[in-house]
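Biologist: Could you take me through one part of this model in detail, the aromatic cluster and the sheet around there? I'd like the cut-offs spelled out as you go.

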Amino acid sequence: MSVLQSTNSPQRHVLGDYVVRHYDLSGTNGDTFTPPQLNISFLAITPTTAIAVGATISSGIITFVTTGAWAARVAVFSREG
């Protein structure tokens, strides 16, 4: 498992009660990402490679679940950050 780093500088957007930031990420199954956001509510993952990408969230750490290498734009929606 690798700890992923975003390849872009995400902009902060406020949508009602949510703060959203978009991250450009790539990795493989089991890689983790810890965004600088608190109380993550949900993710919107848009793959830029032909593969399905799933994720779990636990204590502010996102763990990606795939069948191989992937790249995606990940929108993280949170209550703070």
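Modeller: Sure, ring pairs first: rings of Phe, Tyr and Trp (its six-membered ring) pair if their centres lie within 6.5 Å, with planes under 30 degrees apart called stacked, over 60 edge-to-face and the rest tilted. Bear in mind that this is a predicted model, where local features need pLDDT of at least 70 and side-chain atom pairs count only at pLDDT 80 or more, while totals for chains, interfaces and linings use all residues. Residues are numbered from 1 along each chain as its sequence is written, and side-chain values use heavy atoms, leaving out hydrogens and water.

Now to the cluster: Y18, F42 and F77 make up one aromatic cluster, and the structure holds five aromatic pairs. Take Y18 and F42: their ring centres sit 5.5 Å apart with the planes at 80°, so that pair is edge-to-face. Y18 belongs to strand 2 (residues 18–27) and F42 to strand 4 (residues 38–47), so the pair ties together parts 24 residues apart in sequence. Strands here are DSSP runs (E, at least two residues), and helices are runs too (H or I, at least four residues), numbered from the N terminus.

F42 also pairs with F77: the ring centres are 4.3 Å apart and the planes at 15°, so this pair is stacked. It links distant parts of the chain as well, with F42 in strand 4 and F77 in strand 7 (residues 70–80), 35 residues apart.

How covered are these rings' residues? Buried means under 20% relative accessible area, exposed over 50%, and partly exposed in between (1.4 Å probe, protein chains only). F77 is buried at 14%, whereas Y18 at 23% counts as partly exposed, and so does F42 at 36%.

As for the sheet, an open one of four strands runs in the order 1-2-7-4 with antiparallel pairing; two strands pair if DSSP finds at least two bridges between them. Strand 1 (12–15) and strand 4 are the edge strands, each pairing on one side only. Strands 1 and 2 run antiparallel and are joined by four bridges; R12, for one, has R21 in strand 2 as its bridge partner.

One last stop is T66, in the loop between strand 6 (61–65) and strand 7. T66 is buried, with a relative accessible area of 10%. Setting aside neighbours within four places in sequence, T66 is in contact (heavy atoms within 4.5 Å) with T28, N29, I51, A52 and V53.
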